[in-house]
2 protein chains.
Amino acid sequence: MARSERLLTLLQTLRRYRRPVSGAVLAEETGVSLRTLYRDIASLQSQGAMIEGEPGIGYILKPGFMLPPMMFSQDEIEALVLGSRWVARATDARLAAAGTDALAKIAAVLPAEMREAIDQAAVVVGTRRITEDKADLSLMRKAIRTERMVQLTYGDVNGAISTRRIWPFALGYFDNSRIIMAWCELRQDFRHFRADRIVDFAVLEARYPRRRVALAREWQAKEGIAHT
Amino acid sequence: MARSERLLTLLQTLRRYRRPVSGAVLAEETGVSLRTLYRDIASLQSQGAMIEGEPGIGYILKPGFMLPPMMFSQDEIEALVLGSRWVARATDARLAAAGTDALAKIAAVLPAEMREAIDQAAVVVGTRRITEDKADLSLMRKAIRTERMVQLTYGDVNGAISTRRIWPFALGYFDNSRIIMAWCELRQDFRHFRADRIVDFAVLEARYPRRRVALAREWQAKEGIAHT
DNA sequence: AATGCTACTGCCAGAAACTGTCAGTAGGCT
DNA sequence: AGCCTACTGACAGTTTCTGGCAGTAGCATT
């Protein structure tokens, strides 16, 4: 197997394990000696892969993804730039920061002329400044990703405060507000919750009993709202 | 020089030339024999680089960019996905298609579990369906990129049709409309033009005498509208 | 039609890089 | 203290890469 392919295989193998893996195991799985494995790890790290190794423990890959080299057309780059810019402007603080970071990473590897074009791009996003949310939406996104139940304290239209347990499966970014879509245990039905009306919430340890994707599909069928 | 670095150098060299370059020239610039250069070209092509070679002509790199391998965090991937999705939904047809393509390319190289998460992502974009434009905005974007003058036939608020020559330097995507920002020769000042009020336009061969970036900066200073 | 320039492929020997083995240092866990 | 682990250096064998050569074929100009 060619070296470059082997490195991708190694990365894939590392991803499979959630706990630290010893170099010996990785070496056997990729069919290579331990010495070479150490060299491969070093090679991946020098290319930006976030692999951490500790003596007595093993290797672990920080969550995230390594993209192999790929080609984007001018339009595609422009779309990525514009999209990231919109994210940076119209979503919650943490996701916005991630959008800015991603943009910076891409800009760093583009030729100088194109980098300048990005800094002062031909495409501009104009959106009303979004309303601020008290709730930490990055936490909510994590709950959605990991399919965790959420204990929600919510103020409805009339200002009445209620507490309920929900199964959040999607987060919608609309022109001027963020909406959490969830199954509501209280109502035994799908409910939408505006982020700016959330008084407080806590992510519970318990996973909800259904798959997020299935919930989203069912909701889509019921509500008939396009969301692609 | 390591092979992988050399390939990136070759790509960079290819970008510098706008006309077809012979393999011999490229071989000398990258400090390698002609035979090896042919191998390098083949290697780049197999990695997705859009390099075209014709006997008797030379090599030419189609516009676009090759991203080297790089690492994105979970949040950054999510930001890119959400951004592309917004682009696919809220901009003109061609840019929207580019956004979808870029998303597909990224999805194709992510591990299966993550691909599924993208298909039915935890983040959803909700935007009012945009109004349709008669004008082909991809042409306008190209005019902006190449700093070409544009002959514009425009209907103003009162429905009065006028024709003027403008120097377009930016395209803004707002909640419900697209706005072309330009220097207007008729008024000798900056003007905004709503895309849905454009009756017709033609990209002229003549380049306008100022740099797009400079115009954008000046406009920004004058209007004081944040656009980052 | 002829000539010159070019892309592209196969072959082979020398050069370079990679790989495995061995030995040794150092940090974390029980 | 003992075990597991990451990590580094040295060296020989192996593999891959590279350059030169020869040959085929497409494009443009004369």
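Author: A helix axis is here a line fitted to the C-alpha atoms over the stretch in contact, and the angle between two axes runs from 0 to 180 degrees between N-to-C directions. Please keep in mind that this is a predicted model.

Reader: Thanks! At what angle do helix α4 and helix α5 of chain B pack, and how far apart are their axes?

Author: Helix α4 (residues 74-90) and helix α5 (residues 93-109) of chain B pack at about 150°, and their axes are 7 Å apart.

Reader: Are α4(B) and α5(B) roughly parallel or antiparallel, and what makes them so?

Author: Angles over 145 degrees count as roughly antiparallel. The angle here is about 150°, so α4(B) is roughly antiparallel to α5(B). Their crossing is left-handed.

Reader: Which residues make that contact?

Author: On α4(B) they are Leu80(B), Val81(B), Ser84(B), Val87(B) and Ala88(B). The α5(B) side offers Leu95(B), Ala96(B), Gly99(B), Thr100(B), Ala102(B), Leu103(B) and Ile106(B). By class, nine of these contact residues are nonpolar and three polar, with no charged ones.

Reader: How do you know which term, parallel or perpendicular, suits α1(A) and α3(A)?

Author: The axes of helix α1 (residues 3-16) of chain A and α3(A) come within 10 Å and cross at roughly 85°. Values from 65 to 115 degrees count as roughly perpendicular, and α1(A) and α3(A) are therefore roughly perpendicular to each other. Arg6(A), Leu7(A), Leu10(A) and Leu11(A) of α1(A) meet Asp40(A), Ser43(A) and Leu44(A) of α3(A). That contact has four nonpolar, one polar and two charged residues.

Reader: Now the two chains. By what turn and what shift can chain A be laid on chain B?

Author: A turn of 180° with a shift of 0.0 Å along the axis lays chain A on chain B, with an RMSD of 0.2 Å. That is why the relation is called a two-fold axis. In chain A, Gly83(A) has the C-alpha nearest this axis, 1.8 Å from it. The same surface serves both copies, as 100% of the contact residues of chain A recur in chain B.

Reader: How many residues of chain A and chain B are in contact?

Author: There are 61 residues of chain A in contact with 61 residues of chain B. Helix α4 (residues 74-90) of chain A gives the largest share of chain A's side, twelve residues. That side comprises 36 nonpolar, 14 polar and eleven charged residues.

Reader: What makes a residue count as near DNA strand D, and how many surround that strand?

Author: The residue's C-beta atom, placed from the backbone, has to lie within 6 Å of the strand. DNA strand D is surrounded by 22 residues, and the closest are Gly23(A), Gly53(A), Thr36(B), Pro55(B) and Gly56(B). The elements giving two or more residues are α2, α3, β1 and β2 of chain A, along with α3 of chain B. With four residues, α3(A) gives the most. The classes come to eight nonpolar, eight polar and six charged.

Reader: And which residues are the closest to DNA strand C?

Author: They are Arg35(A), Thr36(A), Gly56(A), Gly23(B) and Gly53(B), among 23 residues that surround DNA strand C. Here α3 of chain A joins α2, α3, β1 and β2 of chain B in giving two or more residues. The most come from α3(B), with four residues. This surface divides into nine nonpolar, eight polar and six charged residues.

Terms used: Residues are numbered from 1 along each chain as its sequence is written. Chains are lettered from A and ligands numbered from 1 in the order in which they are written. This is a predicted model: local features need pLDDT of at least 70, side-chain atom pairs count only at pLDDT 80 or more; totals for chains, interfaces and linings use all residues. Ala, Val, Leu, Ile, Met, Phe, Trp, Tyr, Cys and Pro count as nonpolar, Asp, Glu, Lys and Arg as charged, and the others, Gly among them, as polar. Copies are superposed by least squares on the C-alpha atoms of residues with pLDDT of at least 70 in both. Two residues are in contact if their C-beta atoms, placed from the backbone, lie within 7 Å. Angles under 35 degrees count as roughly parallel, over 145 as roughly antiparallel, 65 to 115 as roughly perpendicular and the rest as oblique. A crossing is left-handed if the near helix is turned anticlockwise from the far one by less than a right angle, and right-handed if clockwise.
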